[in-house]
Amino acid sequence: MTRLLFHLSDIHFGLEDNHALDWVKREIAERRPDAVAITGDLTMRARHREFNAAIHWITQLGVPVTVEVGNHDMPYFNPVERFFKPYKRFKGMAKLIEKEIDLDGLVIVPLKTAVRAQPRFNWSKGWVTDRALDKCLSTIDALPRGCRALVAVHHPLREVGTEGTALTRHGNKALAELAKRPVEGVISGHVHDPFDIAEETRNGPVRMIGAGTLSKRTRSTPPSFNEITWDGERLSVNARNLEEIDTCDMQIDDVPEDATPPRQPHEPVAPVDRVPRVDPPVR
Ligand SMILES: [Fe+2]
Ligand SMILES: [Fe+2]
C-alpha cells in the first residue's frame, strides 16, 4: 500500500509565508497524507508569540506529525533558558518532537543536529554528537526485520563548498554509519532549497532529501514542500510549489555553502551562487 508523507521545513513563524501556508494546509486537508514531517526552524527567534503561532498551526493539521528541532528554535535572547531548558517553548507540542512514525515498514527516525552550544563561532551550523548518533543508530538497529528507516534531521549531513567547509560537524561520520544500515534516505531542511541527491560514503551511498522553506526567507527557489511517496520498495520525491515550477528545476544541484539565508523579504532575488558539484573523497 502506498504511503504519503508531506515533508515541510523552515516555516520560520515570525516571517512565515501565510499564502504558502494556507495552500499547504489545504493540501493536507484534501490529500490527507499519512504523516507530516517538519524538519525544524519552526520560528525565527524562538519568541513565545512565534511558538504560539507554530503550535496553533501544527496542532490543527489533523494528521500525525513529527517535528525536528532547528537552530532557530532554541531561545535566542535568553542564554540561561537556552542552556538549561532549550525545548521548554515547545510545550503544547512536546509529544511531536522527534517522534518516530511508522509508514508501513518505513520508519521516520530522528537524528538531532541542532545543539544549544558548540565550540565554534557560528552556532547555527549543524553538529552531530556521539550521543545523538548512538540514539539514532540504536533505534534503526532495533527496527523489525524488513523495516527501512527514513532519518529526519534539521541540517543536511554532507559537507558543502570547498573541502574543509563543514556545514555539519560529524555529518560524514553519521552518513557512513547510516550507509551500513537499512536507510532509505535522510530528510532535512535548513538550507531553504529542495534537493534530492545520493551522497557517497566509504560504506556506500545515502540518499539525502532536502525540503525548501515555507517562509519569506527564500533563497533560490520559491516556497515549497516535498511530497514523498513510499510504495514499500521505492521512495519518490516531488518538490511542490505554488508557482508550478517543475520539480527538476526546483531541486538544486548542490547545497549552498552559506546556509544562512542572506536575503530579506521584498529584496530582489540575487543570482544563485552555486557551488560546483564535486564527488566527495572517500574518507
Ligand atoms: Fe531555516
Ligand atoms: Fe536552520
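Over which residues does pLDDT stay under 50 while the model has 36 contacts beyond four places in sequence? The answer is residues 261–283. This is a predicted model, and its confidence varies along the chain. A second stretch with pLDDT under 50 covers residues 161–166, for which the model has 10 contacts beyond four places in sequence. For the protein as a whole the average pLDDT is 86, and 87% of the residues score at least 70.

**The two iron ions**

The model holds the iron ion (ligand 1) and the iron ion (ligand 2), which lie 3.6 Å apart. Asp41 coordinates both of them. The table sets out the two sites.

| Site | Protein donors | Donor distances | Angles among the four donor atoms |
|---|---|---|---|
| iron ion (ligand 1) | Asp10 (OD), His12 (NE2), Asp41 (OD), His192 (NE2) | 2.0 to 2.3 Å | 88 to 174 degrees |
| iron ion (ligand 2) | Asp41 (OD), Asn71 (OD1), His154 (NE2), His190 (ND1) | 2.0 to 2.2 Å | 86 to 148 degrees |

**The site of ligand 1**

The site of the iron ion (ligand 1) is irregular. Along the chain, its donor residues follow the spacing D-x1-H-x28-D-x150-H. Asp10 sits in the loop between strand S1 (3–8) and helix H1 (18–31), and His192 sits in the loop between strand S9 (183–188) and strand S10 (195–201), so this pair ties together parts that are 182 residues apart in sequence. Asp10 is buried, with a relative accessible area of 0%. His192 is buried too, with a relative accessible area of 1%.

**The site of ligand 2**

The site of the iron ion (ligand 2) is likewise classed as irregular. The spacing of its donors in sequence is D-x29-N-x82-H-x35-H. Asn71 belongs to the loop between strand S3 (65–67) and helix H3 (79–84), whereas His154 belongs to the loop between strand S7 (148–152) and strand S8 (168–169); the pair therefore ties together parts that are 83 residues apart in sequence. Are Asn71 and His154 buried or exposed? Both Asn71 and His154 are buried.

**Summary**

In this predicted model, Asp41 is a donor to each of the two iron ions. Loop residues take part at both sites: Asp10 and His192 for one pair, Asn71 and His154 for the other. Low confidence, with pLDDT under 50, is found over residues 161–166 and over residues 261–283.

Notes. Residues are numbered from 1 along each chain as its sequence is written. Chains are lettered from A and ligands numbered from 1 in the order in which they are written. This is a predicted model: local features need pLDDT of at least 70, side-chain atom pairs count only at pLDDT 80 or more; totals for chains, interfaces and linings use all residues. Side-chain values use heavy atoms; hydrogens and water are left out. Donors are N, O and S atoms within 2.8 Å of the metal (3.2 Å for Na, K and Ca); water is not among the atoms, so sites may look incomplete. Four donors count as tetrahedral if all angles lie between 85 and 135 degrees; four count as square planar and six as octahedral if opposite donors are over 155 degrees apart and all others between 65 and 115; anything else is irregular. Helices (H or I, at least four residues) and strands (E, at least two) are DSSP runs, numbered from the N terminus. Buried means under 20% relative accessible area, exposed over 50%, partly exposed in between (1.4 Å probe, protein chains only). pLDDT is the predictor's confidence in each residue, from 0 to 100. Contact means heavy atoms within 4.5 Å.
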